[in-house]
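Student: Hey, can we go through this structure together? I'd like to start with the aromatic rings.

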Amino acid sequence: MDVLSTVLLSLFVVGYLVLAGADVGLGMLMPKVARTPEQRRRVVAAIAPYFLASEVWLVAAVGVLAGLFPVLDHHVVTELWPVLVTLLGAWLVRDAGLWLRARVDTPSWRAVCDTAVVAGSWGVAAAWGLVLAGLLTGGLTAGVFTPLCVLAVLALFALRGASFGAERLVGEFHDDSADVAAQATRVLARVALVAALLAAGAALLPGGVVTDRPLVAAASTVVLLAVLALTSGLTGPMLSRHTSALAMGAAGGLTALSAQLPMEPVPATTAVFVWAMLAAAVPFMVVGQVWMYRLARRPAPAPTFFA
């Protein structure tokens with residue numbers, strides 16, 4: 001049961017990072033891929049169907065963490081509470097920009113909301129980089145590894161957003177948003193690859209990664225680097241929507257498999273109760289995510305509730 005619980009928690013966390021990486025990353029790149037009001041509206045319209053669905057996976061991960069890993073939950077909150085507060089703040093700023101953008105039809109209001117989306121997206125990505133670094137190092141440290149890890153995670157989010165935008169922003173022939181996003185994938189993959197290589201080297205220095213599974217950590221790192229190397233060699237988007245998802249998942253898997261975290265078994269009755277609730281919910285989450293993706297494969301051409 002403990003192994004299955006760990007696999008389930010890892011699945012939810014990795015699933016959230018892969019899914020949220022698309023909308024958070026595209027929000028980060030809005031100034032690059034959207035230079036006109038109509039392009040910015042289309043970026044928000046592209047993000048809108050996804051950010052609510054991806055947050056379901058995070059809520060599920062928090063539920064599993066609290067129900068099946070109370071000791072780990074306490075450790076994460078105790079060690080990383082400043083980062084978690086920053087994450088929640090950035091999350092609220094970004095979501096406020098998305099929800100409120102279409103409520104007032106003035107250029108100045110939309111500019112404020114667009115700024116909130118971009119700033120919040122960068123804040124969310126940076127905070128997740130700090131969370132991953134804090135879990136791998138056993139707490140927030142002032143070592144070289146932490147900023148390099150944050151830089152690598154920022155590049156991974158941006159890469160995921162660029163590959164997402166290359167598909168979702170395809171529109172009229174005079175709109176080059178999708179082309180700009182596609183052209184950015186190789187550059188961002190190379191930035192992520194260099195940052196990941198530097199972070200891997202810094203992991204061996206004082207203040208670096210603390211793990212009792214060095215071979216697993218090394219193997220996970222090799223997988224991440226190999227996927228980024230593959231993506232950086234592609235022309236335009238091509239398979240980057242898949243390889244960027246693998247890279248984001250590999251980063252989450254690296255943390256889940258390598259971090260040396262406190263774990264204790266929970267009472268059997270608690271585990272049965274949590275699993276009974278999840279067994280019915282998980283299939284609906286997966287089916288709903290697939291259905292939503294197929295339903296909204298292209299951005300809405302006309303104004304919507306969000307944009």
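**Rings, bridges and a cavity**

Tutor: Sure. Searching the whole structure turns up four aromatic pairs. Rings of Phe, Tyr and Trp (its six-membered ring) pair if their centres lie within 6.5 Å; planes under 30 degrees apart count as stacked, over 60 as edge-to-face and the rest as tilted.

Student: What kind of pair do Tyr-16 and Trp-128 make?

Tutor: Their ring centres are 5.5 Å apart and the planes sit at 50°, so the pair is tilted. Tyr-16 belongs to helix α1 (residues 2–28) and Trp-128 to helix α5 (residues 107–137), so the pair ties together parts that are 112 residues apart in sequence. Helices here are DSSP runs (H or I, at least four residues), numbered from the N terminus.

Student: Are Tyr-16 and Trp-128 buried or exposed?

Tutor: Tyr-16 and Trp-128 are both buried. Buried means under 20% relative accessible area, exposed over 50%, and partly exposed in between (1.4 Å probe, protein chains only).

Student: Hang on, is this an experiment or a prediction, and how are things counted?

Tutor: It's a predicted model: local features need pLDDT of at least 70, side-chain atom pairs count only at pLDDT 80 or more, and totals for chains, interfaces and linings use all residues. Residues are numbered from 1 along each chain as its sequence is written, and side-chain values use heavy atoms, with hydrogens and water left out.

Student: Back to Tyr-16 and Trp-128 for a sec: buried, right?

Tutor: Yep, both of them. Phe-51 and Trp-99 form another aromatic pair, this one edge-to-face, with 6.1 Å centre to centre and 80° between the planes. Phe-51 is in helix α3 (residues 37–68) and Trp-99 in helix α4 (residues 70–100), so this pair links distant parts of the chain, 48 residues apart.

Student: How accessible are Phe-51 and Trp-99?

Tutor: Phe-51 has a relative accessible area of 0%, so it is buried. Trp-99 is at 33%, so it counts as partly exposed.

Student: Cool. New topic: where are the salt bridges, and how many are there?

Tutor: The whole structure has ten salt bridges. A salt bridge is a side-chain nitrogen of Lys or Arg within 4 Å of a carboxyl oxygen of Asp or Glu. One of them joins Arg-94 and Asp-95, whose closest N and O atoms are 3.4 Å apart, and both of these residues are buried.

Student: What network is Arg-94 part of?

Tutor: Salt bridges link Arg-94 with Asp-23, Glu-55 and Asp-95 in a network.

Student: And what about Arg-110 and Asp-105?

Tutor: Arg-110 and Asp-105 form a salt bridge too, with the closest N and O atoms 2.5 Å apart. Arg-110 is partly exposed at 22% relative accessible area, while Asp-105 counts as exposed at 68%.

Student: Last topic: how many cavities of 30 Å³ or more are there?

Tutor: The count is one. On a 1 Å grid over the protein atoms alone, a cavity is a set of points where a 1.4 Å probe fits but cannot get out, and lining residues have an atom within 4 Å of a point. The largest cavity holds about 40 Å³ of space.

Student: Which residues line the largest cavity?

Tutor: Among them are Tyr-16, Asp-23, Glu-55 and Arg-94. Helices α1, α3 and α4 each give two or more residues to that lining, and α1 gives the most, with four.

Conventions: On a 1 Å grid over the protein atoms alone, a cavity is a set of points where a 1.4 Å probe fits but cannot get out, and a pocket is an open set with protein on both sides within 12 Å along at least five of seven lines; lining residues have an atom within 4 Å of a point. Grid points are joined across faces, edges and corners, and a volume is the space filled by probe spheres set on the points.
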